[in-house]
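Colleague: I have a model open and would like to learn how to read it. Could you walk me through a few features?

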Amino acid sequence: MASADYLPPLRHDGQATDDYKLITVAPVTGSLGAVISDVDLSCGLEGNLLAEVRRALLNHLVLVFPGQELSAEQLIALGATFGSLHVNPFVAGLPDHPEIMQIRSEENETARFAGRWHSDITWETRPSMGSLLHARTIPPYGGDTLFANMYMACEALTPTMRRVLNGLQAQHTAFQGHGRAAAFADAPEVVTHPLVRTHPETGRKALFVNEYFTCGIQGMTSDESQPILDFLFRHMVRTEFTCRIRWSENALVFWDNRCTQHYAANDYPGDKRLMWRVTINGDKPY
Ligand code: SIN
């Protein structure tokens with residue numbers, strides 16, 4: 001049976017608890033993403049408000065908070081609400097705040113931080129739980145970020161294919177994504193993670209390989225593993241598993257790296273774009 005014949009009904013919401021009292025949650029697509037209004041993130045998150053935002057993240061995987069004016073300290077404090085923060089050895093952070101990675105494209109640059117689907121820092125033994133990306137300077141048009149739902153990608157496979165993938169360990173390396181820069185940094189050369197991981201909070205299964213950092217499957221030659229990975233890299237970003245976020249100045253997007261991938265579109269030639277990202281450390285995948 002072809003996987004296209006097997007696509008189950010779309011569902012973005014594994015928890016079915018979309019009754020929020022403190023925030024307004026407007027889904028972006030039937031697969032993932034929601035715009036959250038009525039929240040001022042500069043005040044921080046705690047108590048019931050924090051609980052609702054956490055629940056919205058588990059239900060919608062990608063949350064967009066428009067119009068958030070945040071200082072570096074406020075962004076760090078917000079990220080630290082959800083866990084310890086990662087300092088990326090390959091991408092320069094702010095001089096006084098190394099936890100804030102700058103994703104900067106100048107007007108005259110063509111090689112940009114863009115163009116490959118991934119989940120953040122899967123080359124770490126404990127990859128990221130989630131990331132917060134804050135729009136500081138955005139181009140007049142273009143520079144959107146696309147997201148894909150890895151639960152849906154997993155659930156759309158046939159039971160037979162899922163059984164094959166379930167026992168496999170995928171290999172990840174920073175060297176593939178970050179190239180020579182990685183050779184000078186203190187990063188593990190290759191780490192392995194289950195190719196299908198279990199989300200530690202929802203218990204749902206998600207595909208966990210990406211074309212940026214995944215370099216093989218343990219116990220297989222590359223002739224054997226590459227066709228499987230190539231199939232998955234195509235399958236997991238099918239349009240019906242995705243949403244596309246158009247940025248506005250000071251928007252903040254919070255995504256769950258355990259069950260999504262993202263892709264920055266490099267389609268704003270001649271314009272500047274500056275984003276600040278904090279990356280929250282996560283658990284060892286199982
Ligand atoms: C990232 O990969 O974290 C950057 C996404 C973006 O700049 O849109």
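**Reading the sheet, the ligand shell and two loops**

Modeller: Happy to. Keep in mind that this is a predicted model. Let's begin with one strand: E6, residues 128-137, is mostly covered, with eight of its ten residues buried.

Colleague: How should I think about strand pairing in general?

Modeller: Strands of a sheet pair through backbone hydrogen bonds, either parallel or antiparallel. Here, E6 runs antiparallel to strand E16 (residues 273-281), and eight bridges join the two. On its other pairing, E6 is joined to strand E14 (residues 252-256) by five bridges, again antiparallel.

Colleague: Which residues of E16 stand opposite Ser128 and Leu133?

Modeller: Ser128 stands opposite Asn281, and Leu133 stands opposite Arg277. Towards E14, His134 has Leu252 as its opposite residue.

Colleague: And what should I expect of the side chains along a strand?

Modeller: In a regular strand the side chains alternate between the two faces of the sheet. That is a handy idea to hold while you step through E6 in the viewer.

Colleague: In what order do the eight strands of the open sheet lie?

Modeller: The order is E1-E2-E3-E14-E6-E16-E5-E4, with mixed pairing. Strand E1 (24-27) and strand E4 (93-94) stand at the edges; each has a single partner strand, so one side of each is left without a neighbour in the sheet.

Colleague: Now the ligand. Which residues are closest to it?

Modeller: Ten residues surround the ligand, and the closest are His118, Thr145, His262, Arg273 and Arg277. For polar contacts, look at N and O atoms within 3.5 Å of each other. An oxygen atom of the ligand lies 2.5 Å from an N or O atom in the side chain of Thr145. For the side chain of His118, the corresponding distance from a ligand oxygen is 3.1 Å, and for that of Arg277 it is 2.7 Å.

Colleague: How much of the ligand's accessible area does the protein cover?

Modeller: The protein covers 99% of the 260 Å² of accessible area that the ligand has on its own. By class, the surrounding shell has five nonpolar, three polar and two charged residues. Strand E15 (260-264) and E16 each supply at least two residues of that shell. You have met Arg277 already: this residue stands opposite Leu133 in the pairing of E6 with E16.

Colleague: Let's try a loop residue. Is Thr173 buried or exposed?

Modeller: The cut-off is under 20% relative accessible area for buried. Thr173 has 7%, so it is buried. Thr173 lies in the loop between strand E8 (169-172) and helix H6 (174-178).

Colleague: Which backbone atoms does the side chain of Thr173 reach?

Modeller: The side chain of Thr173 reaches the backbone nitrogen of Phe175 at 3.0 Å and the backbone oxygen of Glu189 at 2.7 Å. Leaving aside neighbours within four places in sequence, Thr173 is in contact with Trp123, Glu189, Val190, Phe213 and Cys215.

Colleague: Where is Ala156 in the chain?

Modeller: Ala156 sits in the loop between helix H4 (150-155) and helix H5 (159-166). Its relative accessibility is 0%, so Ala156 counts as buried. The C-alpha atoms of Ala156 and Phe241 are separated by 9.7 Å, although these residues are 85 residues apart along the chain.

Methods. Residues are numbered from 1 along each chain as its sequence is written. This is a predicted model: local features need pLDDT of at least 70, side-chain atom pairs count only at pLDDT 80 or more; totals for chains, interfaces and linings use all residues. Side-chain values use heavy atoms; hydrogens and water are left out. Helices (H or I, at least four residues) and strands (E, at least two) are DSSP runs, numbered from the N terminus. Buried means under 20% relative accessible area, exposed over 50%, partly exposed in between (1.4 Å probe, protein chains only). A polar contact is a pair of N or O atoms within 3.5 Å; within protein, one must be able to donate a hydrogen and the other to accept it, and residues adjacent in sequence count only if both atoms are side-chain atoms. Contact means heavy atoms within 4.5 Å. Two strands pair if DSSP finds at least two bridges between them. A residue is near a molecule or strand if one of its heavy atoms lies within 4 Å of it. Accessible areas come from the Shrake-Rupley method with a 1.4 Å probe; for residues, only the protein chains shown count as cover. Ala, Val, Leu, Ile, Met, Phe, Trp, Tyr, Cys and Pro count as nonpolar, Asp, Glu, Lys and Arg as charged, and the others, Gly among them, as polar.
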